[in-house]
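Here is a brief report on one chain. It moves from single residues to whole helices, then to the chain and its confidence.

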Amino acid sequence: RPDRFVARRRRVDSSLHEWKRRRMAVKADVFAGSIAAELTTKALLHPLDTIKTRLQYTVVPKRQRAGASSIPIVSDLRLGFRVLADATRSPEHSMKDPSLRPRSRAADAANAARSLYRGLTPQLVGVVPIALVYMPSYEVASGALKGTPLQSTPIAGVLTGVASAVVRVPVSVIKSRIQLGLHQSAGEALSHARRGGRGGLYAGLRATVVLDTSYAVVQFTCLEQLRTLALRFSGGELTDPTQLGTKANAAIGFATGLFAAVATEPIDVVRTRLMTQGAKGVGAFAYDGLAHGLAKASRAEGMASLWRGLLPRLVTKSTGSLVWYTTYMEARRAFNAARRTSADG
């Protein structure tokens with residue numbers, strides 16, 4: 001009897017160890033895919049992100065908004081041309097005091113490129129830690145919930161949003177303040193943030209948790225539904241999302257980014273302002289938090305102001321999601337193919 005007990009205990013321990021290994025060990029291809037996808041997306045779409053950030057920072061009083069200009073996307077076009085004009089005039093763009101020096105066309109183009117790519121360095125530096133948290137967190141969470149009653153719930157997306165916010169906030173604070181010209185370098189922005197107390201590196205943390213959680217819930221809910229739909233339309237030929245082709249992955253990524261961007265834009269507007277206003281409750285906007293910011297912005301600027309920057313964000317998120325998800329799946333496929341070739345050799 002003791003021998004049978006020991007044998008049973010060993011089988012249980014072995015099964016538990018294997019379960020933990022399968023559930024908690026994130027595959028190397030997930031890491032490789034995440035990093036490749038983040039680097040590609042951030043580098044390609046950073047100018048659009050800069051325009052979006054500057055639009056969200058812009059305040060237009062309600063009394064100055066009338067007719068078509070009150071429509072978010074139309075307003076973005078009008079203000080966007082002004083942002084681009086300011087960018088061509090000064091490579092050291094500042095939302096506080098933009099330079100208006102006349103330049104040649106060649107200089108204008110160079111200035112625009114330098115201005116719109118401000119903040120790219122901290123953005124790229126943050127790619128690795130963010131990539132190592134974002135999609136792997138979702139793969140672990142969704143894998144752990146697979147086969148349970150919670151599989152069809154958005155819990156995996158919620159957990160992913162919370163985990164990624166902790167890493168994303170310091171990067172976003174530094175990046176946004178450089179994009180707006182509030183600081184001229186990452187070192188200057190970092191030093192200022194360290195002196196800012198609660199308005200420092202983790203300014204807007206709660207808003208970011210809400211934003212990332214909301215975005216992840218919408219994104220991954222759409223992702224799972226579209227993945228299932230794509231597999232169903234394959235007529236049973238495909239059984240796993242990694243088998244989907246590039247076109248299918250591109251369509252899935254584009255659609256998920258589009259839906260998630262529209263749903264979460266108001267949170268993103270207030271989050272940007274919280275991160276760049278400085279100390280909590282003071283600065284350019286004097287927001288005390290997400291709820292206060294949403295209420296104050298809607299009162300002073302109208303409800304439409306909460307969707308300011310929607311146009312570049314729609315392009316950024318839909319195109320970015322297309323590029324990100326396609327690169328992610330293709331990188332995973334290439335990584336696995338290389339690993340199989342190495343194992344066979």
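## Thr 41 in H2

In this predicted model, Thr 41 sits in helix H2, which covers residues 28-57. Is Thr 41 buried or exposed? Its relative accessibility is 11%, under the 20% cut-off, so Thr 41 counts as buried.

A polar atom of the Thr 41 side chain lies 2.8 Å from the backbone oxygen of Ala 37. In an α-helix there are 3.6 residues a turn, so residues three or four places apart point the same way. Beyond four places in sequence, Thr 41 touches Gly 320, Val 323 and Trp 324.

## Val 60, after H2

Val 60 belongs to the loop between H2 and helix H3, residues 72-89. Val 60 has a relative accessibility of 7%, so this loop residue counts as buried.

Which residue lies 242 places from Val 60 in sequence, yet 9.1 Å from it in space? That residue is Gly 302, with the distance taken C-alpha to C-alpha.

## Arg 168 in H8

Helix H8 runs over residues 155-179 and holds Arg 168. The relative accessible area of Arg 168 is 15%, so this arginine is buried.

Three residues are in contact with Arg 168 once neighbours within four places in sequence are set aside. They are Ile 130, Tyr 134 and Asp 212.

## Two helices: H10 and H11

Helix H10 spans residues 205-233. Its 29 residues should span 42 Å at 1.5 Å a residue. The end C-alpha atoms of H10 are 41 Å apart, which agrees with that figure. Just after H10, Gly 235 adopts a positive phi of about 70°.

Helix H11, residues 246-276, spans only 38 Å between its end C-alpha atoms. A straight helix of 31 residues would span 45 Å. Where is the kink in H11? The kink lies at Thr 264, shortly before Pro 266, and amounts to about 60°. Of the 31 residues of H11, 22 are buried, so the rest of the structure largely encloses this helix. Just after H11, Gly 278 has a positive phi of about 100°.

## The chain as a whole

The chain has 13 helices and 0 strands. Its pattern along the sequence is α-α-α-α-α-α-α-α-α-α-α-α-α. Of the 345 residues, 45% are buried. The exposed area is about 17200 Å², and carbon and sulfur atoms supply 63% of it.

How are contacts spread along the sequence? Take those between residues at least 6 apart: 79% of them join residues at least 24 apart. The pair Val 60 and Gly 302, 242 residues apart in sequence, was described above.

## Confidence

The mean pLDDT of the chain is 77. A value of 70 or more is reached by 79% of its residues. Which elements have the lowest and highest mean pLDDT? Helix H1, residues 2-24, has the lowest mean, at 55. Helix H12, residues 290-301, has the highest, at 90.

Over residues 22-26 the pLDDT is below 50. Beyond near neighbours in sequence, that stretch has 9 contacts in the model.

Methods
Residues numbered from 1 in each chain as written. Predicted model: local features only at pLDDT ≥ 70, side-chain atom pairs only at ≥ 80, totals over all residues. Heavy atoms only, no water. Helix = DSSP H or I, 4+ residues; strand = E, 2+ residues; numbered from the N terminus. Buried < 20%, exposed > 50% of the residue type's maximum accessible area, 1.4 Å probe, protein only. Polar contact = N/O pair within 3.5 Å; in protein donor to acceptor, adjacent residues only side chain to side chain. Contact = heavy atoms within 4.5 Å. Expected span 1.5 Å × (residues − 1). Bend = angle between axes of the 7 residues up to and from the residue. Areas by Shrake-Rupley, 256 points an atom, 1.4 Å probe, with all protein chains shown as cover. pLDDT = per-residue confidence, 0-100.
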